[in-house]
Amino acid sequence: MARDIFSSIQVPQVDDRPLWDVVFAIYGYPALLLAHRLKIFPLLAQNSHTLPEICKALNIAQRPAEAILTTATALGFLSLQEGRYSLTPVSKEYLLEDSPNYFGFFWDLMIDNYQVSTYAGLEKAALTDSAQAYGGGDIFKSHEEQIELLQRFTCGMHSISMTPALVWPQVMDLSQHRMMLDIGGGSGAHSIGAALRWPDLQAYILDFSQVCEIAQNYITRYKLQDRVKTCEINIWRDQWPAADLHFFSNMFHDWLPEKCHFLMAKSFNSLESGGRIVIHEMLYNDEKTGPFAAAAFSMMMLGWTEGKQYSGQELSAMLREIGFEQIQIQKAFGYYSIVSGRKP
């Protein structure tokens, strides 16, 4: 039977590009991390450069430089015209450290913990169903014990939060709300974004004391000390301050459904009547066939936490079960969506 199959081999009806894409993702995308660490983007911030000029400035050979630069150009982070490389709008916006939308601290977090995303790291995470970041265990406990890890993590989270934090408050009408709790709010990016959009809104960032110290720096940077404050509490154990808006970003994907249910129930019990819960996440579609971004984010959660990404349908069902009404799912910035509900 096997001989018949091989002797009658024919051209397949589908091409093999999806398989090559897996291989090229392994080798191709890390070129952007290399470009970031080699500081190619700041080098090109002022002027375009030729390949030899870049090689001389970075003290690297032409062969690796050309491979990295071509990959960055192919993926839209650089442009090449008349032999000179220059930044594109996306690299100017997100890969220069003086930009308020700088994404680079999150890339640094990924590079510094690259063992988590290696094949060996992901295989171990999958086979043991346990996070591998920082050598394994609870990353939040590690943050409590090692302040430097906490600082780098919080800066990384700010890096990926500030831009979407400027957008979701435009998607929702928050004019009726007066006090927002940013639960597990980290750097306070989302409180800052909401306060900038809605001038009558005040916010409390609820997090560990060490995180609140970092958040204070960001609040000061945006001159919002009068309206955005920090509250040093354990969100699982301590009572939350009174508020009419509860906000969670990239929180539920840290936990399995039982803990998400606990946080939702605590929110419901803490909110006043008419208060609203807002969940900001990258969502699976309801069929769990994608999108790829949510699936890949779930793989990242496999390596870092005990959690996973959820669909809008799953989060809506949890909210409905607890008692929230007027549940809505809305697209936000980039890959993000918001799921909201109101306490009757």
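1. Contact here means heavy atoms within 4.5 Å. The model is predicted. Leaving aside neighbours within four places in sequence, His253 is in contact with Glu281, Phe297, Met301, Thr305, Gly307, Lys308, Gln309 and Tyr310.

2. His253 is the position at which UniProt, in an unreviewed entry, places the feature "active site". The residue sits in the loop that runs between strand S7 (245-249) and helix H14 (257-270). Buried means under 20% relative accessible area, and His253 has a value of 3%, so it counts as buried.

3. Phe252 touches Cys260, Leu263, Met264, Ile279, Glu281, Lys308, Tyr310 and Leu315, residues up to four places away in sequence not being counted. Glu281, Lys308 and Tyr310 are among the residues touched by Phe252, and they also appear among the contacts of His253.

4. Phe252 also belongs to the largest nonpolar core, which has 68 residues. Together with Trp168, Trp240, Met264 and Trp304, Phe252 touches the most other members of that core. Helix H11 (residues 147-171) gives the most to this core, namely five residues. A second core, separate from this one, has 21 residues, including Leu33, Leu51, Leu96 and Trp107.

5. Ala131 is placed in the loop between helix H9 (119-128) and helix H10 (139-145). Its relative accessible area is 10%, so Ala131 is buried under the 20% cut-off. Outside the four places on either side in sequence, Ala131 is in contact with Gly136, Gly137, Leu302, Gly303, Trp304 and Thr305. Thr305 is listed for Ala131 and is also in contact with His253. The C-alpha atoms of Ala131 and Pro42 are separated by 34 Å, with the two residues 89 apart along the chain.

6. The domain assignment of the protein chain gives domain 1 as 17-95 and domain 2 as 119-133 + 151-343. Taken over C-alpha atoms, the centres of domain 1 and domain 2 are 33 Å apart.

7. One open sheet has three strands in the order S1-S3-S2, and the pairing is antiparallel. Strand S1 (49-50) and strand S2 (78-81) are at the edges; each has a single partner strand, so one side of each has no neighbour in the sheet. S2 pairs with strand S3 (residues 84-87) in the antiparallel sense over four bridges, and Leu80 stands opposite Tyr85 in S3. Helix H6 (residues 62-74) packs on the sheet and touches S2 and S3. The direction of helix H6 makes about 105° with that of S2.

Definitions and conventions
Residues numbered from 1 in each chain as written. Predicted model: local features only at pLDDT ≥ 70, side-chain atom pairs only at ≥ 80, totals over all residues. Heavy atoms only, no water. Domains from an automatic or database assignment. Core = buried A, V, L, I, M, F, W, Y, C linked by side-chain atoms within 4.5 Å. Buried < 20%, exposed > 50% of the residue type's maximum accessible area, 1.4 Å probe, protein only. Helix = DSSP H or I, 4+ residues; strand = E, 2+ residues; numbered from the N terminus. Pairing = 2+ DSSP bridges. Axes fitted to C-alpha atoms, helices over the stretch in contact; angles between N-to-C directions. UniProt positions renumbered as here; feature names shortened; annotations may be inferred.
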